[in-house]
Amino acid sequence: MLAAIALEHGNDAKAEELADLAEKIGGAEGWRHILLGRLALKRSDTAAARDAARAAAAVGVDWPELAGDLGVLFSRTGLHTAALPFLARAMEAERFDPQAAYNYGIALQFTGDLPKARAVLEDLVTREPAHAQAWLALVPLAKDRHGEFLPDLEQKFAATENAEDRLIIGHAIARVLEDKGDWDASLGWLDRAKEPLAKTTGHDRAQTERLFAAAAASAGAPIPFLSGDPSPLFIVGMPRSGTTLAERILSAHPDVTSAGELSDFAVLIKRLVKTPGGHVLDAPTIEAAGSADLSAIEAAYIDRVRTIVGDSPRFIDKMPFNFFFAPLVLQALPGARVVCLRRSPHDTVFSNYRQLFATAFTYYSYAYDFEDTAHFVALFEKLIDHFEQALPKERFLSVSYEDIVADFDTQARRLVAFAGLEWNDACTAFHENSAPVATASSLQVRKPIYADAVARWKRYPEGSRRVQEALARFGIAHFKKI
């Protein structure tokens, strides 16, 4: 109990000391493993957190509330199917816990049980109408109820003074208005909802430019020819640019397993170069790694991922922001291949600005401001232009989201061939892939290929002018066809 209290109050050292004492005393082993898993997550050590979650499950947990904590631990380490029964058990607690219900609803959505996810979230907003996250999750699942949702959401937005709740509810309102075709009104709600956090977060463009410059400079080091363990496939790119679609196409192949969005490579780089600070993705880390001996990374990285994917011949690491590490990936893992998704920068600005990323992660601070988002996307475009010239084509492949939509069969075969695999017809039925999807695309990739998201930016009468002018200010005047 004292270890849990110390952890809640941010005293990690004391929490670990007390957890060690608890082990000597004995008892409550499941709870102790959960606490150790949470500590590991705070250190970005997902491998240790997964081990702790599995240990807790093996020992067992007595209370529904602890089962919920264990489910969250599994989910946060990418093991969504393993999380589901524990999150379901948390719903059996005598006292209704809105957050437990939300966690269960989201897990159901991730694992593809959309009708049940909707039912859980509808029950949640009925019992707890102020739960902003539940409203945002429910809106895309219950489009037939948007007419009744909109006035309620607008009233909730006006009634709450909490900046984060207003951000979430504003996103929900924007999503409803999009579905009604009120595009500029939707954009206006996003501006209104994001403005307070844009001011308090204070996205630093200069630091962002240094980060991109460090990534570009890292491409100057020699890249070995394709050799070594061929199992790692990295899918990278801006969030909401088609990375999940590419992942689903490849992971539909019987020889490919997706490990989800992993921070493991970045964590290993950070540990190797020992740069100060809590961020695993920053300019000093990439700069230091550029002159470091990365030979020890391969075995450590593959061992960590094997705890998720077993002996699958190929596995996918789909952390979008690993694009910053692409040259380091190719240096450290000589058998790895990197697929980078590109999308019209105009659509990418909107897809990132309209997405509510985890507010606890400062990496996404650019998405609170439209100009900051355009600035970030422009830097991405220039970086990937550079990578296309500097990195070996047998190991780094750029793929256009628009091309996948326009000529699916050709592009799907191109992806499979780049991965070093024989074609399998299952890749054309990616929407039937039953593996969990824990990204903002969890609904879209369960449908066959569709073109509705192509050139979506043109649907905003005023917004289309804004995005063209913003990107032009940062040197991006048009979409470069790949």
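A salt bridge, as I use the term today, is a side-chain nitrogen of Lys or Arg within 4 Å of a carboxyl oxygen of Asp or Glu. The structure before you is a predicted model, and by this rule the count comes to 31 salt bridges.

Allow me to begin with one of them. Glu 287 and Arg 210 meet through their side chains at 2.8 Å, N to O, and therefore satisfy the 4 Å limit. The pair links distant parts of the chain, 77 residues apart: Glu 287 belongs to helix H16 (residues 283–289) and Arg 210 to helix H13 (residues 205–218). Glu 287 is partly exposed, with a relative accessible area of 39%, and Arg 210 is likewise partly exposed, at 37%.

A second bridge joins the side chains of Glu 371 and Arg 473, at 2.5 Å from N to O. Here too the pair links distant parts of the chain, with Glu 371 in helix H20 (residues 370–390) and Arg 473 in helix H23 (residues 461–473), 102 residues apart. The relative accessible area of Glu 371 is 23%, so this residue counts as partly exposed rather than buried, the limit for buried being under 20%.

The next case lies within one helix. Asp 409 forms a salt bridge with Arg 413, and their closest N and O atoms are 3.1 Å apart. Both residues lie in helix H22 (residues 408–418), four residues apart, about one turn of the helix. Asp 409 is partly exposed at 36%, as is Arg 413 at 38%. Beyond single pairs, Asp 45, Arg 50, Asp 264, Arg 271 and Arg 304 are joined into one network by salt bridges that share partners.

I turn now to the strands. Which residues of strand S3 are buried on each side? On one side they are Arg 314 and Ile 316, and on the other Phe 315 and Asp 317, so both faces of this strand, residues 314–317, are covered. In a regular strand the side chains alternate between the two faces of the sheet. Strand S1 (residues 232–237) runs parallel to S3 and is joined to it by three bridges; Phe 234 stands opposite Asp 317. Strand S2 (residues 256–258) is also parallel to S3, again with three bridges, and Val 256 has Arg 314 as its bridge partner.

Finally, the surface. Glu 65, Asp 69, Glu 94 and Asp 97 form a negative patch. Asp 69 sits in helix H5 (residues 64–76) and is partly exposed, at 34% relative accessible area. A nonpolar patch consists of Met 1, Leu 2 and Ile 5, together about 350 Å² of accessible area. Of these, Ile 5 lies in helix H1 (residues 2–8) and is partly exposed, at 44%.

Key:
Residues are numbered from 1 along each chain as its sequence is written. This is a predicted model: local features need pLDDT of at least 70, side-chain atom pairs count only at pLDDT 80 or more; totals for chains, interfaces and linings use all residues. Side-chain values use heavy atoms; hydrogens and water are left out. Buried means under 20% relative accessible area, exposed over 50%, partly exposed in between (1.4 Å probe, protein chains only). Helices (H or I, at least four residues) and strands (E, at least two) are DSSP runs, numbered from the N terminus. Two strands pair if DSSP finds at least two bridges between them. Patches are made of residues with over 30% relative accessible area and no salt bridge: like charges are joined within 9 Å, nonpolar side chains (Val, Leu, Ile, Met, Phe, Trp, Tyr) within 5 Å. Accessible areas come from the Shrake-Rupley method with a 1.4 Å probe; for residues, only the protein chains shown count as cover. Lys and Arg count as positive and Asp and Glu as negative; His and the chain ends are not counted. The place of a charge is taken as NZ of Lys, CZ of Arg, CG of Asp or CD of Glu.
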